[in-house]
Amino acid sequence: MGHVIPVLELGKRLLTHHNFTVTIFVVSSHTTTPSPEYSQLLTSFSTTAATSDHLCNIVDVPPANISALVPATAAVVTMIAVTMRETKPALRSAIFAAERRPTVLIVDLFGSDLLDIADELGIPKLVFIASNAWFLSLTVYIPVLDEVVRGEYVDQTKPLGIPGCKPVRPDQVVDPMLDRTDQQYQEYLRIGVQIPKADGVLVNTWEEAEPASLAALRDENLLGRFAKASVYPIGPFTRPVVDSSGPVFDWLDQQPVESVIFVSFGSGGTLSCEQMTEVAWGLELSQQRFVWVVRPPTLATGDAAFFARGTGDDPSGYLPEGFLTRTRDSGRAEILGHRSVGGFWSHCGWNSTLESVTNGVPMIAWPLYAEQKMNAAVVAEELGVGVRPKAAPTKEVVGREEVEKLVRAIMAETLGFGIRSRVKELKISAERALAEGGSSYNALSLVAKGLCEVGRNDGVSVAKSNTIDGGF
């Protein structure tokens with residue numbers, strides 16, 4: 001769901017606030033049945049579109065067959081980047097065949113190869129970054145780092161400097177930077193080269209949350225000379241509340257305010273059997289109420305994983321003996337907005353991070369994949385709205401004693417009171433940014449005004465990759 005949520009929310013904003021007609025071209029990453037969450041999002045989006053005077057279309061573009069180009073074991077970034085590139089002819093045909101001539105083309109991170117389609121049409125081209133400004137800073141600066149850094153990034157003894165921004169520690173680099181010989185590194189480097197060719201970059205963050213990174217991206221003496229495109233923070237875009245009924249909510253309704261910690265590692269996050277056992281014991285030892293989205297563990301031992309296939313369907317087969325009878329099995333739900341939820345144990349995907357912040361809920365940051373290690377640093381160090389384990393969960397098992405301390409730190413200890421205060425302040429800041437006259441509202445209005453000056457505001461095309469969960 002990583003890119004689906006913010007893209008749909010961007011489409012809604014352009015539709016309802018700025019009277020654009022929007023067509024979203026979705027390239028599926030697989031052909032499985034859509035997940036319930038994905039279907040709910042599309043339903044919500046369709047409902048919004050139905051109440052608008054303008055039109056919105058979602059067009060499914062079948063992905064190209066890349067089996068002869070990359071091995072089945074290729075990294076997810078490689079798979080998505082190559083799929084988008086090879087699907088370009090079909091996307092081009094679909095865009096040119098649209099009933100209304102588009103006046104702007106917006107692509108997501110993995111659609112940077114499509115920017116020249118806008119040049120063919122003679123229309124503006126924008127990139128939408130569904131993550132934060134610090135991640136964007138690293139991405140546009142990676143061509144420079146590629147030239148000046150010798151050896152593997154993870155083997156460096158000093159943090160990687162980014163002009164005007166917080167440095168990136170070697171253990172925080174995004175997954176494509178873990179191995180420079182892997183194709184996903186070349187794909188990421190390619191993206192870093194292409195983004196500045198856009199006319200503007202929209203970012204799913206807001207001015208008050210990341211002032212330093214945004215200032216650096218605009219400063220010609222800092223990152224501005226590498227990121228030549230104008231940068232517009234237009235977020236935070238988060239998923240709408242679709243359903244708040246069912247047994248989980250019945251149970252939550254009976255709990256004290258801010259007394260429950262919600263544990264979920266995203267649409268693709270899984271734990272090893274060993275780590276799952278330690279999480280279960282740590283939760284029980286903390287003596288805090290919790291709702292845990294449990295997925296079967298990976299076959300691997302010791303570490304956490306993302307996009308890994310779990311094994312087994314019966315939780316009693318991989319949770320500690322008696323755990324299910326000693327705790328309450330509450331199931332899965334979208335519950336961050338419930339009054340009884342006082343903490344979120346998350347994989348730190350940017351969507352999940354924004355959902356936690358916009359609901360005023362402090363976090364345990366548990367990064368597993370992609371830029372999540374950077375997100376965890378933003379949560380714990382820059383924004384100060386969460387805590388994280390001493391060691392990366394992907395490197396070693398975090399023991400039950402530390403798990404207990406992390407849970408109690410945000411739910412029961414004095415430290416949690418300060419974190420809770422900061423996250424509530426940030427929630428108010430986010431609400432103000434999106435409200436009429438706020439920084440994000442004004443940024444998107446500025447973009448919309450510029451597009452109106454180029455041509456009629458009735459043809460926005462958004463090309464995106466459907467990367468995680470919910471393929472057509």
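# Exercises on a predicted structure

Leaving aside neighbours within four places in sequence, Met177 is in contact (heavy atoms within 4.5 Å) with Leu138, Ile142, Glu152, Tyr153, Leu160, Tyr185 and Tyr188. The model is predicted: local features need pLDDT of at least 70, side-chain atom pairs count only at pLDDT 80 or more, and totals for chains, interfaces and linings use all residues. Residues are numbered from 1 along each chain as its sequence is written, and side-chain values use heavy atoms, with hydrogens and water left out.

**Exercise 1. The nonpolar cores**

Task: State which residues have the most contacts inside the largest nonpolar core, and where this core lies with respect to the domains.

Solution:
1. A nonpolar core is a set of buried Ala, Val, Leu, Ile, Met, Phe, Trp, Tyr and Cys residues joined through side-chain atoms within 4.5 Å. Buried means under 20% relative accessible area, exposed over 50%, and partly exposed in between (1.4 Å probe, protein chains only).
2. The largest nonpolar core holds 96 residues, and Met177 and Trp345 have the most contacts inside it.
3. Helix H6 (residues 133-148) gives the most to this core, namely nine residues. Helices (H or I, at least four residues) and strands (E, at least two) are DSSP runs, numbered from the N terminus.
4. Domain 1 (3-237 + 436-458) and domain 2 (247-429) both give residues to the core, so it lies between them. The domain bounds come from an automatic or database domain assignment.
5. There is also a second, separate core of 25 residues, which includes Leu8, Phe128, Leu202 and Val447.

**Exercise 2. A residue of helix H6**

Task: Decide whether Val140 is buried or exposed, and describe its surroundings.

Solution:
1. Val140 is located in helix H6.
2. The relative accessibility of Val140 is 3%, so this residue counts as buried.
3. Apart from neighbours within four places in sequence, Val140 is in contact with Gly192, Ile195, Pro196, Leu217, Phe226 and Ala227.
4. For one of these residues, Phe226, the C-alpha atom is separated from that of Val140 by 6.6 Å, although the two positions lie 86 residues apart along the chain as a sequence separation.

**Exercise 3. Parallel strands**

Task: Give the strand order of the open five-stranded sheet, and identify the edge strands.

Solution:
1. Two strands pair if DSSP finds at least two bridges between them.
2. The order in the open sheet of five strands is S9-S7-S11-S12-S13, and the pairing is parallel.
3. Strand S9 (289-292) and strand S13 (386-387) each have a single partner strand and stand at the edges, so one side of each is left without a neighbour in the sheet.
4. Strand S7 (residues 260-264) and strand S11 (residues 341-346) run parallel and are joined by five bridges. Here Ile261 stands opposite Gly343 in S11.
5. Elsewhere, strand S5 (residues 200-203) runs parallel to S6, with four bridges joining them. Val203 stands opposite Pro233 in S6.

**Exercise 4. Salt bridges**

Task: Explain which parts of the chain the salt bridge between Glu187 and Arg85 ties together, and describe the network that includes Arg169.

Solution:
1. Side chains of opposite charge can pair when their charged atoms come close. A salt bridge is a side-chain nitrogen of Lys or Arg within 4 Å of a carboxyl oxygen of Asp or Glu.
2. The structure contains 19 salt bridges.
3. In one of them, the side chains of Glu187 and Arg85 meet at 2.8 Å, N to O. Glu187 lies in helix H7 (residues 183-194) and Arg85 in helix H3 (residues 76-86), so the pair ties together parts that are 102 residues apart in sequence. Glu187 counts as buried, at 5% relative accessibility.
4. Arg169 forms a salt bridge with Asp171, and their closest N and O atoms are 3.1 Å apart. Arg169 counts as partly exposed at 31% relative accessibility, and Asp171 also counts as partly exposed at 47%.
5. Lys166, Arg169, Asp171, Glu381 and Arg388 are joined into one network by salt bridges that share partners.

**Exercise 5. Backbone features in loops**

Task: Locate the cis peptide bond that joins Gly235 and Pro236, and the positive phi of Glu258.

Solution:
1. The peptide bond between Gly235 and Pro236 is cis, with omega about 10°. Pro236 is in the loop between strand S6 (230-233) and helix H9 (247-252).
2. Glu258, a residue other than glycine, has a positive phi near 55°. Glu258 is found in the loop between H9 and S7.
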